[in-house]
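Q: Please take a close look at one part of this model, beginning with a pocket. Then go on to the active site and its surroundings.

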Amino acid sequence: MTEFRVWAPKPERVRLDVDGTVHDMSRSDDGWWHTTVDAAPDARYGFVLDDDETVLPDPRSARQPDGVHERSQLWDPAGATWTDSDWEGRPVEGSVIYELHIGTFTDAGTFDSAIEKLDYLVDLGVDFVEVMPVNSFSGTHGWGYDGVLWYSVHEPYGGPDGLVRFVDACHDRGLGVLIDAVYNHLGPSGNYLPKFGPYLSSASNPWGEGINIADADSDEVRRYIIGSALRWMRDFHADGLRLDAVHALVDTTAIHILEELATETNLLSRQLGRPLSLIAESDLNDAKMITPSDGYKGGYGITAQWDDDIHHAIHTAVSGERQGYYADFGSIATLAQTLRHGFFHAGTYSSFRRRRHGRPLDTTAETGTPATRLLAYTCTHDQVGNRALGDRPSQNLTGGQLAVKAALVLASPYTAMLFMGEEWGASTPFQFFSSHPEPELARATAEGRKAEFAEHGWDAAEIPDPQDPETFQRSKLNWGELDSDEHARLLQVYRDLIMLRHNEADLSDPWLDHLAVEYDEDERWIVLRRNTITVAANLGTAAVKVPVNGELMLAWDAPNIGAETTELPGQSFAILRSPVR
């Protein structure tokens with residue numbers, strides 16, 4: 001016999017449909033409905049609310065074999081086959097993370113085909129794989145951020161069994177796994193949750209209606225979110241989560257949902273006996289996110305957070321782009337300040353927001369926040385895919401410029417993250433794509449995308465239609481280009497940078513007050529001094545002399561090392577071992 005339960009305080013009557021047979025359900029005072037019936041282990045089922053005979057999927061569905069509009073299917077995590085009992089996990093702070101999208105990482109776009117590339121990632125030297133959302137969303141392909149069933153795994157990728165095989169294979173190779181989870185909004189197609197209960201709030205965000213985490217009857221909605229988050233780590237053995245746009249989680253309660261989730265994650269970590277990490281995508285520039293939640297310091301206790309200021313400072317200084325939110329960035333001085341202090345906007349005026357933004361970060365080793373709680377990167381799915389054409393830096397910059405960006409990230413004190421393909425300067429774009437089955441929604445998505453970018457000055461006629469299958473196909477990595485000369489050269493530099501990062505103790509120092517930064521705005525060079533390791537980068541096109549010397553460890557284009565200075569070719573970097581300061 002199988003017990004079926006569903007939280008549905010809104011309807012007056014709920015029935016269970018199992019393989020076409022309808023059963024009455026009983027309601028408890030707390031809004032939960034339940035019944036026990038004889039069902040096959042792989043039975044298809046759903047719920048019928050009031051007098052509407054439509055069979056709706058289970059809000060806590062484990063599997064949606066026919067998509068988010070159809071019946072759910074039973075799936076028992078206890079039946080999964082695991083071989084990772086010896087996996088002890090690893091901490092995320094100070095690691096190298098590799099962000100990828102399952103659907104475009106390989107031609108086949110499945111968990112199983114991604115497994116075939118894991119040995120490549122091991123050879124590259126990364127520590128974690130971070131997969132963009134794999135929860136169920138409408139259509140066959142998409143970025144995954146329009147998920148509507150937060151407990152199930154997208155079937156075209158391989159469903160829950162495919163995810164088990166993927167995580168197990170990662171752990172077998174020593175790779176940790178982070179799963180991107182979206183709890184700030186629900187997708188527009190297949191969202192039946194409001195029919196069951198008060199899942200939505202009166203607030204809104206750029207992606208639609210907000211989630212009810214602080215209004216009346218929100219306790220069960222919060223448990224729904226936290227239960228989903230813990231399930232990825234408990235049932236699918238993930239080593240942590242990347243939490244999408246947490247600044248869109250409007251919580252006015254005394255204990256913020258992020259603090260509550262962090263507390264429950266730490267408890268699960270102790271139960272499982274391995275580290276579990278939460279990484280927030282936060283636009284707030286506030287260390288409160290990553291300050292321990294001990295009840296006195298007032299932090300949320302999240303492990304780490306994305307740091308877009310570092311991305312903006314590096315990208316604009318190297319590329320020269322200054323549009324939109326890049327307007328306050330671009331100088332070498334801004335780059336130096338951001339690398340030295342973690343945030344550029346720290347209680348300072350943001351011209352893009354037209355207001356003050358952020359809070360200064362305490363960088364002292366005695367009392368401050370270690371830099372490893374901030375993620376640095378040269379690009380992400382957002383910073384590529386949210387460009388009008390989805391063009392990568394590698395489609396606009398030279399190999400030397402890409403190498404300089406990589407050195408500034410991978411030789412920095414911050415936790416580093418790569419976006420799939422950047423390490424070889426992939427020539428393929430990563431564009432925004434979707435496959436909504438509803439014609440009206442498909443048309444609205446395409447038109448909305450064009451209107452959004454037209455406001456930023458891009459030609460609407462050039463913006464790819466996200467519903468066109470070719471937009472999806474163009475975004476798949478071309479693994480055949482790895483061996484060509486320029487791609488292979490950049491890939492080797494990434495491997496060498498990651499190896500240095502792992503092997504040199506001075507590059508593991510997480511304290512920003514131990515980092516010294518020098519620069520010359522006119523000659524466009526910057527130097528990072530990390531005890532005995534010096535990172536020198538020339539962002540200009542002409543050769544320059546920088547005040548560093550020592551034993552050469554790694555470089556893009558051979559520098560001329562003198563007794564007191566080193567001549568760096570244009571658009572290049574050098575890492576040297578210098579005497580202790």
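**A pocket, then the active site**

A: Strand E1 gives the most to the lining of the second largest pocket, with 6 residues. The model is a predicted one. E1 covers residues 2-7, and along with strand E6 (44-49) and helix H6 (219-234), each supplies at least two residues of this pocket's lining. In total, 25 residues line the second largest pocket, and Tyr-45, Asp-58, Arg-60, Leu-74 and Trp-75 are the ones that lie nearest its centre. Its volume is about 570 Å³. Sorted by class, the lining holds 14 nonpolar residues, 3 polar ones and 8 charged ones.

Next comes the active site. The unreviewed UniProt entry places the feature "active site" at Asp-244 and Glu-281. These residues span 38 residues in sequence, but no two of their C-alpha atoms are more than 5.3 Å apart, so they gather at one spot. Of these residues, Asp-244 is included in the lining of the second largest cavity.

Take Asp-244 by itself. This residue sits in the loop that runs between strand E15 (240-243) and helix H7 (257-272). Its relative accessibility is 9%, so Asp-244 counts as buried, the cut-off for buried being under 20%. Setting aside neighbours within four places in sequence, Asp-244 is in contact with Tyr-145, Asp-180, Ala-181, Val-182, Asn-184 and Glu-281. The list therefore includes Glu-281, the other residue that UniProt marks as "active site".

Glu-281 is also in a loop, the one between strand E16 (277-280) and strand E17 (304-306). With a relative accessibility of 12%, Glu-281 counts as buried. Residues up to four places away in sequence are not counted here; beyond them, Glu-281 touches Arg-242, Leu-243, Asp-244, Ala-245, Val-246, His-247, Trp-306 and Asp-382.

One of those contacts, Ala-245, has a backbone feature to note. Ala-245 has a positive phi of about 40 degrees, although it is not a glycine. Ala-245 lies in the loop between E15 and H7. At 2% relative accessibility, Ala-245 counts as buried. A positive phi in a residue other than glycine also appears at Asp-557, with a value near 75 degrees. Asp-557 belongs to the loop between strand E26 (551-555) and strand E27 (560-561). The relative accessible area of Asp-557 is 31%, so this residue is partly exposed.

Now return to the second largest cavity, which Asp-244 helps to line. Its volume is about 70 Å³. The residues around it are Ala-181, Tyr-183, Ile-225, Leu-243, Asp-244, Val-246, Leu-249, Ile-257, Leu-258 and Leu-261. Helix H7 provides the largest share of this lining, 3 residues. By class, the lining has 9 nonpolar residues, no polar ones and 1 charged one.

The structure holds 5 cavities of 30 Å³ or more. The largest cavity has a volume of about 80 Å³. Its lining is made up of Thr-378, Cys-379, Arg-392, Pro-393, Ser-394, Leu-402, Lys-405, Glu-422, Gly-425 and Tyr-494. Those residues divide into 4 nonpolar, 3 polar and 3 charged.

Leu-243 leads on to the nonpolar core. Leu-243 is touched by Glu-281 and lines the second largest cavity. In the largest nonpolar core, which has 151 residues, Leu-243 is among those that touch the most other members, together with Tyr-98, Leu-121, Phe-166, Ile-526 and Phe-573. Tyr-98 has contacts that include Phe-105, Tyr-120, Leu-121, Leu-418 and Met-420, with residues up to four places away in sequence left out. Another core lies apart from this one; it has 10 residues, among them Ile-97, Ala-304, Tyr-377 and Met-417.

A last position is Gly-144, in the loop between strand E10 (135-137) and strand E11 (147-153). Gly-144 has a relative accessible area of 4%, so it is buried. Apart from neighbours within four places in sequence, Gly-144 is in contact with Pro-133, Asn-135 and Phe-137. From C-alpha to C-alpha, Gly-144 and Ala-516 are 40 Å apart in space, and in sequence they are 372 residues apart.

Notes
Residues are numbered from 1 along each chain as its sequence is written. This is a predicted model: local features need pLDDT of at least 70, side-chain atom pairs count only at pLDDT 80 or more; totals for chains, interfaces and linings use all residues. Side-chain values use heavy atoms; hydrogens and water are left out. A nonpolar core is a set of buried Ala, Val, Leu, Ile, Met, Phe, Trp, Tyr and Cys residues joined through side-chain atoms within 4.5 Å. Buried means under 20% relative accessible area, exposed over 50%, partly exposed in between (1.4 Å probe, protein chains only). Contact means heavy atoms within 4.5 Å. UniProt positions are given in the numbering used here, feature names are shortened, and annotations may be inferred rather than shown by experiment. On a 1 Å grid over the protein atoms alone, a cavity is a set of points where a 1.4 Å probe fits but cannot get out, and a pocket is an open set with protein on both sides within 12 Å along at least five of seven lines; lining residues have an atom within 4 Å of a point. Helices (H or I, at least four residues) and strands (E, at least two) are DSSP runs, numbered from the N terminus. Grid points are joined across faces, edges and corners, and a volume is the space filled by probe spheres set on the points. Ala, Val, Leu, Ile, Met, Phe, Trp, Tyr, Cys and Pro count as nonpolar, Asp, Glu, Lys and Arg as charged, and the others, Gly among them, as polar.
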